[in-house]
Amino acid sequence: MSVETHTKKITINTFMKKKESKQKISMLTAYDCSTAKYFDEAGVDALLVGDSLGMVILGYDSTHKVNMTDMKVFTGAVSRGTKNCMVVADMPFMSYHTTVEEAVKNAGELIIAGASAVKLEGATEHILNVVQRCVESGIPVMGHLGFTPQYLNVLGGYKIQGKSAKKTEFILTQSLKLQDAGAFSVVLEMVPEESAKYITEKLSIPTIGIGAGKYTDGQILVADDVLGKYSEFKPKFARKYANLADTIKNAASNYVLDVNSGSFPDDSEVFHLPDNETAELLELKK
Ligand code: KIV
């Protein structure tokens, strides 16, 4: 199957143009250089170095333990793998909540690490100030509303958000505030399709949905869900396009069989001494 891939660097302007021309925006998370390269070559518009890496890569049970050092390392790796994709880095828990100055400094470090934009969760007065100051400093910001994993303990678990007209209106108000503060797009996570459609139609910036139905301007999924590599937890909306868990397990068990049976390595997989050196070696042995 041939895939129409992009040949031009994706920017925040591409996001706006796609919304205006009703073309969908495709996003995936990515955490390492080689996967980022394949996603870029496949034509994904933008890659999010999500703090979900805490769960899918580092084995934590939430995103809370991910820190700035982690985010800079993984952002660097992903950006080195991409040519055209836009790279967005998540601001980790507590890296933007204390002061606006600290938040802007941390956002700047993610840009220096290789991101073209940062993403942060929520829309409190403080967050809106952070968004505004980042944008004034040249740092594009993607918002994140609906289910916001960094607020897991306040939300009381993995729960669908915006489940009534009133709650949908609240998310819309938050989205409009982010838009006014200068955010270039907003992720809507785990909200009913009707709510996401309503919000998307009222915003001039693109919405990127995850578990938010088909009417958002773009979609994002966690790479390890799409690739069938993360098995701890399977959200309803996470469509699986590959089964890397089985591929990896089969490869590793075949390797173990070959090592144990002595069939690895074979003659094509070893280095040899020149004949004269082998002869000398045999002499030394005597
Ligand atoms: O960290 C992440 O992967 C995310 C996506 C779920 C949007 O924030």
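In this predicted model, Thr 63 makes contacts with Asp 51, Ser 52, Met 55, Pro 149 and Gln 150, once neighbours within four places in sequence are set aside. Thr 63 sits in the loop that runs between helix 3 (53–56) and helix 4 (68–81). Despite its place in a loop, Thr 63 has a relative accessible area of 4% and is therefore classed as buried.

Two of the contact partners of Thr 63, Asp 51 and Ser 52, lead directly to the ligand, since both also belong to the set of residues that surround the ligand. That set is completed by Thr 29, Leu 48, Gly 50, Asp 90, Lys 119, His 144, Glu 189, Ile 210 and Val 222. Three side chains can be followed here through their N or O atoms. For Lys 119, such an atom is 2.9 Å from an oxygen atom of the ligand. For Asp 51, the corresponding distance to a ligand oxygen is 3.0 Å, and for Asp 90 it is 3.1 Å. The ligand taken alone exposes 260 Å², and the protein buries 96% of that area.

A helpful next stop is the nonpolar interior. The largest nonpolar core holds 72 residues, and the members that touch the most others are Phe 15, Met 27 and Leu 47. Beyond its neighbours within four places in sequence, Met 27 is in contact with both of these other residues, Phe 15 and Leu 47, and also with Val 44, Ala 46, Leu 48, Val 88, Met 142, Ile 208, Gln 219, Ile 220 and Leu 221. Among these partners of Met 27, Leu 48 is also one of the residues around the ligand.

Phe 15 and Met 142 appear again in the surroundings of Ser 185, whose contacts outside the four-place window are Phe 15, Val 141, Met 142, Gly 143, Ile 205 and Pro 206. Ser 185 lies in strand 6, which covers residues 185–189. With a relative accessible area of 0%, Ser 185 is buried. Strand 6 (residues 185–189) also includes Glu 189, one of the residues surrounding the ligand.

Leu 221, already met as a partner of Met 27, is also in contact with Phe 237. The other contacts of Phe 237, apart from neighbours within four places in sequence, are Met 190, Ile 210 and Gly 211; of these, Ile 210 is among the residues surrounding the ligand. Phe 237 and Leu 221 are 16 residues apart along the chain, and their C-alpha atoms are separated by 8.6 Å. Phe 237 is found in the loop between helix 10 (223–226) and helix 11 (244–261). The relative accessibility of Phe 237 is 27%, so this residue counts as partly exposed.

At the level of the whole chain, there are twelve helices and eight strands. The chain is divided into domain 1 (12–242) and domain 2 (247–285), and the centres of the two domains, taken over C-alpha atoms, are 47 Å apart. Along the principal axes, the C-alpha atoms fill a box of roughly 90 × 40 × 35 Å. Of the 286 residues, 48% count as buried. Among contacts with a separation of 6 or more, 61% come from residues 24 or more positions apart. The accessible surface of the chain comes to about 15400 Å², and carbon and sulfur atoms account for 57% of it.

Note on methods:
Residues are numbered from 1 along each chain as its sequence is written. This is a predicted model: local features need pLDDT of at least 70, side-chain atom pairs count only at pLDDT 80 or more; totals for chains, interfaces and linings use all residues. Side-chain values use heavy atoms; hydrogens and water are left out. A nonpolar core is a set of buried Ala, Val, Leu, Ile, Met, Phe, Trp, Tyr and Cys residues joined through side-chain atoms within 4.5 Å. Buried means under 20% relative accessible area, exposed over 50%, partly exposed in between (1.4 Å probe, protein chains only). Contact means heavy atoms within 4.5 Å. Helices (H or I, at least four residues) and strands (E, at least two) are DSSP runs, numbered from the N terminus. A residue is near a molecule or strand if one of its heavy atoms lies within 4 Å of it. A polar contact is a pair of N or O atoms within 3.5 Å; within protein, one must be able to donate a hydrogen and the other to accept it, and residues adjacent in sequence count only if both atoms are side-chain atoms. Accessible areas come from the Shrake-Rupley method with a 1.4 Å probe; for residues, only the protein chains shown count as cover. Domain bounds come from an automatic or database domain assignment.
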